[in-house]
Amino acid sequence: METIDTLDAKAGATKGRPREFDLDDALAAALRLFWTKGYEGTSLTDLTEAMGITRPSLYAAFGNKEALFRKALDLYEEEKLAYTRVALDQPTARGVAERFLRGGLANQTCADEPRGCLGVISAVACGAEAESIRAEVIARRRSSHRALVERFARAKAEGDLPAHVDPEGLTSYLIALMQGMAVQAGSGASCDDLSRLVDTSLAIWPSA
């Protein structure tokens with residue numbers, strides 16, 4: 001078990017025994033809170049209570065709130081967005097789109113997790129404090145966008161997509177659809193409702 005010992009006295013707090021906690025558990029708790037309330041809506045008090053640690057321990061282990069969010073976003077991408085990497089490996093463009101959309105749907109409506117998408121929640125943050133976070137989320141999204149464009153461009157070159165299809169436009173459509181699903185999921189839309197949206201989108205997918 002990965003742990004960290006932090007002396008409260010080192011940060012100017014009350015002297016006592018070193019505080020020991022599991023880094024992975026604490027980060028998972030922070031991720032769940034950010035995912036539920038967004039970056040701006042999550043306070044340091046919220047974080048320390050959810051993570052079961054003191055502020056000095058949080059600072060010593062993760063840095064400030066912004067640094068903690070970036071680590072939580074890394075965990076989110078590694079664990080919750082793994083379906084995007086699987087999608088890109090599908091043999092057809094339609095298969096890529098279906099795996100991408102259904103993976104996103106499962107992630108956004110999972111009964112054991114907060115609803116919606118952490119990236120969408122944070123990208124719409126508008127306060128001055130959250131500007132760097134918003135820029136970070138957008139930058140990461142561009143990376144996923146490029147990967148999809150390249151995959152659809154390859155599909156077009158291989159004849160798997162019609163010659164008139166624009167890979168850039170197709171990618172933008174797919175991501176906009178995913179973002180819309182995330183907003184609806186966060187607003188309480190059911191999995192069945194969003195699943196029908198995915199079915200409709202796949203029914204009109206351009207075929208070679």
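This report describes the fold, the core, the aromatic pairs and two helices of a predicted model.

## Overall fold

The protein chain holds ten helices and two strands, and, read from the N terminus on, its elements run β-β-α-α-α-α-α-α-α-α-α-α. Of the 208 residues of the protein chain, 41% count as buried. Among the contacts between residues at least 6 apart in sequence, 63% join residues that are at least 24 apart.

Two pairs of residues illustrate such separations along the chain. Phe-21, which lies in strand S2 (residues 19–22), is 32 residues from Ile-53 in sequence, while their C-alpha atoms are 7.6 Å apart in space. Phe-21 is also buried, because its relative accessible area is 8%, under the 20% that sets the limit for a buried residue. Leu-23 lies in helix H1, and its C-alpha atom is separated by 9.9 Å from that of Leu-58, a residue 35 places away along the chain. With a relative accessibility of 16%, Leu-23 counts as buried.

## The annotated region

The UniProt record, an unreviewed entry, carries the annotation "DNA-binding region" for residues 43–62. In the model, the chain over residues 43–62 is 80% helix and 0% strand, and the C-alpha atoms at its two ends are 15 Å apart.

## The nonpolar core

In soluble globular proteins, nonpolar side chains tend to be buried together. In this model the largest nonpolar core has 54 residues, of which Phe-34, Leu-47, Met-51, Leu-68 and Phe-152 touch the most other members. Helix H1 (residues 23–41) gives the most to this core, with nine residues.

Phe-34 has a relative accessibility of 0% and therefore counts as buried. When its neighbours within four places in sequence are left aside, Phe-34 is in contact with Tyr-39, Thr-42, Leu-47, Lys-65, Leu-68, Phe-69, Ala-72 and Leu-118. Two residues in that list of contacts, Leu-47 and Leu-68, are also named among the core residues that touch the most other members.

## Aromatic pairs

A pair of aromatic rings is described by the distance of the centres and the angle of the planes. The structure holds six aromatic pairs. One of them is formed by Phe-34 and Phe-69, which meet edge-to-face, with 5.0 Å from centre to centre and 85° between the planes. This pair links distant parts of the chain, since Phe-34 belongs to helix H1 and Phe-69 to helix H4 (residues 65–80), 35 residues apart. Phe-69 is buried, with a relative accessible area of 0%. Ring pairs also join Phe-34, Tyr-39 and Phe-69 into a cluster.

Phe-152 and Trp-205 form another aromatic pair, which is tilted, with 5.7 Å centre to centre and 55° between the planes. Phe-152 lies in helix H8 (residues 131–157) and Trp-205 in the segment after H10, so this pair ties together parts that are 53 residues apart in sequence. Both partners are buried: Phe-152 has a relative accessible area of 0%, and Trp-205 has a relative accessibility of 9%.

## Helix H10 and its packing

Helix H10 (residues 191–203) has 13 residues and reaches 18 Å from its first C-alpha to its last, close to the 18 Å expected at 1.5 Å a residue. Its buried residues are Leu-194, Ser-195, Val-198, Ser-201 and Leu-202. Seen down the axis of H10, these residues fall within an arc of 120°, so they line one face of the helix. The face turned away from the buried side carries the exposed residues Asp-192 and Ala-203. The buried residues of H10 pack against helix H6 (93–108) and helix H9 (167–186).

## Helix H6 and its neighbours

The 16 residues of H6 should span 22 Å at 1.5 Å a residue, and this agrees with its end C-alpha atoms, which are 22 Å apart. Its buried residues include Ala-93, Gly-95, Val-96, Ala-97, Phe-100 and Leu-101, and further along H6 they include Gly-103, Gly-104, Leu-105, Asn-107 and Gln-108. The buried residues of H6 pack against H1, H4, helix H5 (82–88), H8, H9 and H10.

Notes:
Residues are numbered from 1 along each chain as its sequence is written. This is a predicted model: local features need pLDDT of at least 70, side-chain atom pairs count only at pLDDT 80 or more; totals for chains, interfaces and linings use all residues. Side-chain values use heavy atoms; hydrogens and water are left out. Helices (H or I, at least four residues) and strands (E, at least two) are DSSP runs, numbered from the N terminus. The expected span of a helix is 1.5 Å times one less than its number of residues. Buried means under 20% relative accessible area, exposed over 50%, partly exposed in between (1.4 Å probe, protein chains only). The arc is that of the directions from the helix axis to the C-beta atoms. Contact means heavy atoms within 4.5 Å. A nonpolar core is a set of buried Ala, Val, Leu, Ile, Met, Phe, Trp, Tyr and Cys residues joined through side-chain atoms within 4.5 Å. UniProt positions are given in the numbering used here, feature names are shortened, and annotations may be inferred rather than shown by experiment. Rings of Phe, Tyr and Trp (its six-membered ring) pair if their centres lie within 6.5 Å; planes under 30 degrees apart count as stacked, over 60 as edge-to-face and the rest as tilted.
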